[in-house]
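Good morning, colleagues. I should like to take a few minutes to walk through one model, beginning with a single residue and working outwards.

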Amino acid sequence: MLGFSCISALSFAQSNTLPTTGNVGIGTTSPSERLTVNGSARIDSTLTVRDSMIVDRDAHIKSDLRVDGKTLLGDDLHASKNVFLEEGNLQIKSLGDTSLPEDGILTIDALGKVKNGGDLKSLLYRSEPATNCATDIHGNLLETAPFWQATANPQRMFLIKTPCSPDPRLGVGVRPDAKFHVRLDLNSQLHPLLIEKTLSSNPSVLPRKLMQLDHTGLLYAREIKVNLDNWADYVFDKNYSLMPLNELQQFINQNKHLPNVPSATEMTTNGLNIAENSKMLMEKVEELTLYVLQINERVKTQEELVKQQQETIRLQQELILQIQQAQQKPVKL
């Protein structure tokens with residue numbers, strides 16, 4: 001060990017020098033480095049370190065920390081308050097995903113984790129369900145974006161039920177109150193629904209409209225198929241009770257509509273069920289068919305009766321003619 005003693009001097013230009021070999025210890029008799037301090041050290045002016053500085057434990061800086069060169073962190077960076085970047089760029093070279101393009105997006109999720117967002121499509125549509133459910137400050141689940149399956153053929157975008165999204169909904173212009181909810185502005189002339197089919201690769205050939213819902217609520221479609229649980233063929237069952245015509249007339253005079261048919265008030269209040277209305281109309285058509293068949297049987301019976309009556313009249317006329325002819329013949333004596 002190299003020992004030394006400090007001698008006070010009145011000259012401010014005094015310089016103290018130490019040998020170039022050996023270690024200096026303060027508070028220790030076995031210094032392991034050129035300068036070893038066992039205890040606290042206080043420097044009232046600038047400390048200049050021309051090589052690396054290693055701090056084994058916490059470094060507490062009471063004022064500003066200014067770094068003119070690069071800063072490398074081997075562990076987490078925590079800030080109890082805001083972190084401001086006044087000038088220059090924030091560059092993070094590696095986030096576990098090195099496929100971030102030059103015009104890519106860097107995101108911070110609801111859990112505070114920095115993620116490689118990729119391009120805009122990857123930001124809007126996740127490629128797989130989230131493993132950690134994102135929540136707001138109140139603990140409520142946040143709405144999740146649709147899943148985008150871009151690597152498969154065909155490509156798909158879909159909303160699915162997951163633990164993080166137990167009841168997915170899609171809203172356009174509104175927070176959805178249904179699985180699919182569209183709300184138009186007051187003066188919007190846009191169609192809320194338009195489905196077309198391309199007919200040709202020639203751009204001059206217009207696509208065919210398959211379905212369109214305009215802003216007034218009018219639905220246009222090429223064909224609509226309605227699934228029914230049953231149909232009105234029960235009218236032709238032999239046990240079906242067909243209302244007699246005289247009772248039908250009384251019902252119409254009293255109610256102003258057919259039996260089993262909603263009134264005009266019910267229609268305007270509750271709307272029209274296409275499936276039930278189609279079955280109801282077929283029921284009335286089949287009942288009319290039965291009424292026509294009944295009337296046809298009566299007509300046939302009447303025609304047969306008329307024929308019989310005509311034959312009776314003919315026979316009677318022939319008999320009368322014979323009697324008249326007999327009366328006109330002279331009597332032989």
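**From one valine outwards**

Let us begin with V226, which has a relative accessible area of 37% and is therefore partly exposed. This residue sits in the loop that runs between strand 11 (219-221) and helix 2 (245-255). I should say at once that the model before you is predicted.

Which residues join V226 in a nonpolar surface patch? They are L219, I224, L228, W231 and I274, and together with V226 they make a patch of about 520 Å². Patch membership requires over 30% relative accessible area, and V226, at 37%, is partly exposed.

I turn now to the aromatic side chains. The structure holds one aromatic pair. Its members are Y234 and Y240, whose ring centres lie 6.2 Å apart and whose planes meet at 45°, so the pair is classed as tilted. For that reasoning one needs the cut-offs: centres must lie within 6.5 Å, planes under 30 degrees apart count as stacked, and those over 60 count as edge-to-face.

Are these two tyrosines buried or exposed? The answer lies in between: Y234 is partly exposed at 33% relative accessibility, and Y240 is also partly exposed, with a relative accessible area of 23%. The class of partly exposed residues lies between the limits of 20% and 50%.

Next, the strands that precede this loop. Strand 9, residues 193-197, pairs with strand 10, residues 208-213, in the antiparallel sense, and five bridges connect them. Within strand 10, M211 is the residue that faces I195. Strand 10 also pairs with strand 11, again in the antiparallel sense, over three bridges. Here Q212 stands opposite Y220 of strand 11.

What is found in the hairpin of strand 10 and strand 11? Five residues lie between the two strands, and in this hairpin G217 adopts a positive phi near 95°.

Finally, the protein as a whole. It contains four helices and eleven strands. Of its 333 residues, 11% are buried. The accessible surface comes to about 30100 Å², and carbon and sulfur atoms account for 52% of that area. As for contacts between residues at least 6 apart in sequence, 22% of them join residues at least 24 apart.

To return to the starting point: V226 belongs to the nonpolar patch, and its loop follows strand 11 in the stretch before helix 2. Thank you for your attention.

Terms used:
Residues numbered from 1 in each chain as written. Predicted model: local features only at pLDDT ≥ 70, side-chain atom pairs only at ≥ 80, totals over all residues. Heavy atoms only, no water. Phe/Tyr/Trp six-rings, centres within 6.5 Å; stacked < 30°, edge-to-face > 60°. Buried < 20%, exposed > 50% of the residue type's maximum accessible area, 1.4 Å probe, protein only. Patch = residues over 30% accessible without salt bridge, like charges linked within 9 Å, V, L, I, M, F, W, Y side chains within 5 Å. Areas by Shrake-Rupley, 256 points an atom, 1.4 Å probe, with all protein chains shown as cover. Salt bridge = Lys/Arg side-chain N within 4 Å of Asp/Glu carboxyl O. Pairing = 2+ DSSP bridges. Contact = heavy atoms within 4.5 Å.
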